[in-house]
Protein chains: 2
Amino acid sequence: MRARPSETELIDRIRRAAERPAGREVVLGIGDDCAVYRPRRASGDLVFTTDMLIEDVHFRRESHTAAQVGRKALARGLSDIAAMGAEPRFCLVSLAAGSWTDGRWIDGFYRGLLALARQTGTVLAGGDLARAGKLYCDIVVCGAVPRGSALRRDGARPGDRIYVSGRLGGSALGLAVGKGKAWRRHVALQPRLALGRFLRAKLKATACMDLSDGLSLDLRRLCLASGVRADMQAPPRFPGATLEQALHGGEDYELLFTVRRGTRVPGEFEGLELTRIGEIGRGRPGDVRLEGVPLHPGGYDHFRA
Amino acid sequence: MRARPSETELIDRIRRAAERPAGREVVLGIGDDCAVYRPRRASGDLVFTTDMLIEDVHFRRESHTAAQVGRKALARGLSDIAAMGAEPRFCLVSLAAGSWTDGRWIDGFYRGLLALARQTGTVLAGGDLARAGKLYCDIVVCGAVPRGSALRRDGARPGDRIYVSGRLGGSALGLAVGKGKAWRRHVALQPRLALGRFLRAKLKATACMDLSDGLSLDLRRLCLASGVRADMQAPPRFPGATLEQALHGGEDYELLFTVRRGTRVPGEFEGLELTRIGEIGRGRPGDVRLEGVPLHPGGYDHFRA
């Protein structure tokens with residue numbers, strides 16, 4: 001065992017160690033955007049995601065307002081809910097306020113978070129509060145979905161078409177330039193909730209996930225989960241973003257999804273572009289090629305960074 | 001608005017700001033040990049708690065093994081589940097590994113956590129992983145309870161008798177001496193799950209919470225939630241603990257509960273003492289007296305510490 005395993009290796013190890021007993025109400029466990037829970041005798045499934053937002057890892061206090069941090073904390077969780085095709089129900093927020101935060105900052109944080117919560121029908125149901133040196137936030141969002149219909153990562157099959165929503169690399173570009181449209185994209189991401197429901201209910205997407213760590217790494221994860229490989233072309237780029245940023249830049253929070261060959265996918269959904277970027281194939285699981293050339297996953301890994 | 005509000009004031013402010021819309025599935029929101037969620041058409045309620053465990057706030061790496069930290073992270077959440085009279089179903093674990101942690105430490109953390117998870121029937125269903133300077137863990141536990149039967153903080157009424165389980169102050173004593181039985185009590189708390197179910201199903205407890213921040217502060221919180229006052233006597237002490245430690249020491253994780261006058265409470269439950277320590281009265285909400293003398297809440301407040 002190496003002393004410094006990658007994030008992916010760690011998650012695999014934890015999943016194996018968790019070896020959950022059969023026949024439980026947890027329908028889908030570690031490794032997807034959300035866990036899926038089926039309450040006894042309920043008509044639907046509940047999906048759960050948890051997302052951390054850490055000072056100097058995910059944001060800097062000099063460049064984000066309190067309201068932007070609060071909004072972002074919830075938006076990241078909602079993006080996972082969108083990726084499952086679910087509707088948000090409630091959230092729990094754990095906040096370890098940094099030693100530099102005062103009551104005004106904390107009020108601003110919750111103001112930003114609650115504005116997005118109201119906009120998306122998410123109830124703030126509880127949480128935990130503490131103090132620490134740096135600010136640390138962890139959010140849990142629960143969503144609801146008709147029984148057995150959550151969009152997972154493991155349903156892509158050879159022949160399926162691969163799509164992304166929007167244009168990629170905007171968040172990485174924003175982080176690099178620190179201003180303008182790309183910066184606003186970086187700080188104020190919009191979870192694709194309506195699109196997720198559309199993909200589940202209308203297009204019957206075979207797999208779906210949100211792009212949080214970069215297309216190259218995330219597509220590889222989808223392929224590994226589904227036991228397939230992928231051939232792709234260059235994805236649509238955010239204005240000004242480089243190909244590098246569009247392929248490997250994190251925090252775009254667009255949806256990556258696959259549909260059966262022959263599915264009619266509209267060119268846009270509610271003003272958001274939907275672009276075909278490739279095809280699922282048979283072969284070594286997790287193998288991703290860009291215009292025929294093996295694409296090294298260059299996205300963000302917390303344990304390799 | 002003061003720049004440094006207390007934890008209790010902050011929670012009140014967040015609760016007011018959250019102003020949840022009526023008629024939702026969130027039956028009980030901010031302010032209790034758990035939030036209560038009622039899935040549509042389900043026969044039971046789900047309860048949720050979230051608990052942070054932060055290096056140098058809740059533990060020190062020099063004095064805890066990785067397995068002890070992992071076990072404690074889950075045990076604190078399970079203690080909240082016990083306080084609702086619920087049965088644990090699954091947990092989600094967010095771990096920001098400290099810069100000093102290696103793969104071996106992380107494996108040990110999950111080994112300790114999963115041992116307690118198996119022992120209590122809790123499935124590890126998912127989570128999040130990241131790196132940060134200090135170790136930070138946040139855990140969510142979901143439990144199930146028959147519809148409408150969760151034990152809340154707000155049900156105590158004048159005339160009800162107040163009880164605690166076990167003997168108090170052991171964790172504070174353990175922290176002070178750093179060895180022996182009290183230290184083992186501090187590092188290896190035992191969530192009172194079977195007792196919680198007994199209190200709900202057999203004794204029909206009117207209110208219940210777990211003792212995490214010290215009896216004086218926690219009893220005050222129970223009284224505030226129920227709109228009542230309390231008269232108490234000295235609680236049973238852990239061998240060697242001072243009255244101060246038993247009244248104000250945190251992390252005992254015993255259960256504090258009230259029952260209707262006339263309820264037959266056994267002297268012990270599965271080897272754990274149950275001791276009557278007082279009575280609920282009419283009067284100024286949150287007013288707690290020890291042998292007739294006003295008891296200042298001396299427990300732990302993250303925002304006053």
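**Figure 1. Salt bridges between chain A and chain B.** In this predicted model, two salt bridges are counted between the chains. A salt bridge here is a side-chain nitrogen of Lys or Arg within 4 Å of a carboxyl oxygen of Asp or Glu. One pair is Glu25(A) with Arg89(B), whose closest N and O atoms are 3.2 Å apart. Eight residue pairs across the interface are in polar contact, both residues at pLDDT 80 or more. A polar contact is a pair of N or O atoms within 3.5 Å; within protein, one must be able to donate a hydrogen and the other to accept it, and residues adjacent in sequence count only if both atoms are side-chain atoms.

Two notes hold for every view. Residues are numbered from 1 along each chain as its sequence is written, chains are lettered from A and ligands numbered from 1 in the order in which they are written. The model is predicted, local features need pLDDT of at least 70, side-chain atom pairs count only at pLDDT 80 or more, and totals for chains, interfaces and linings use all residues; side-chain values use heavy atoms, without hydrogens and water.

**Figure 2. The surface shared by chain A and chain B.** In all, 66 residues of chain A are in contact with 66 residues of chain B (contact: heavy atoms within 4.5 Å). The buried area is about 5600 Å², and carbon and sulfur atoms give 66% of that area. Buried area is the accessible area (1.4 Å probe) that two parts lose on being put together, summed over both. Of the interface residues of chain A, 100% are also interface residues in chain B, so the copies meet through the same surface.

**Figure 3. The rotation axis.** A turn of 180 degrees and a shift of 0.0 Å along the axis lay chain A on chain B with an RMSD of 0.0 Å. The two copies are thus related as by a two-fold rotation axis. Superposition is by least squares on the C-alpha atoms of residues with pLDDT of at least 70 in both copies. Ala42(A) comes closest to the axis of the residues of chain A, at 2.2 Å (C-alpha).

**Figure 4. The sheet of chain A.** Six strands form an open sheet in the order E1-E2-E3-E6-E4-E5, with mixed pairing. Strand E1 (26–28) and strand E5 (123–131) are the edge strands of chain A, each pairing on one side only. Helices (H or I, at least four residues) and strands (E, at least two) are DSSP runs, numbered from the N terminus. Two strands pair if DSSP finds at least two bridges between them. Strands E3 (residues 44–54) and E6 (residues 136–146) of chain A pair in the antiparallel sense over 11 bridges. Leu46(A) stands opposite Ala144(A) in E6(A).

**Figure 5. Helices on the sheet of chain A.** Helix H2 (residues 66–83) of chain A lies across E3, strand E4 (87–97) and E6, at about 145 degrees to E3(A). Helix H3 (residues 103–120) of chain A packs on the sheet and touches E4, E5 and E6; its direction makes about 170 degrees with that of E4(A). Axes are lines fitted to C-alpha atoms, for helices over the stretch in contact, and angles run from 0 to 180 degrees between N-to-C directions.

**Figure 6. Strand pairing in chain B.** Strands E4 (residues 87–97) and E6 (residues 136–146) of chain B pair in the antiparallel sense over nine bridges. Pro88(B) has Gly143(B) in E6(B) as its bridge partner.
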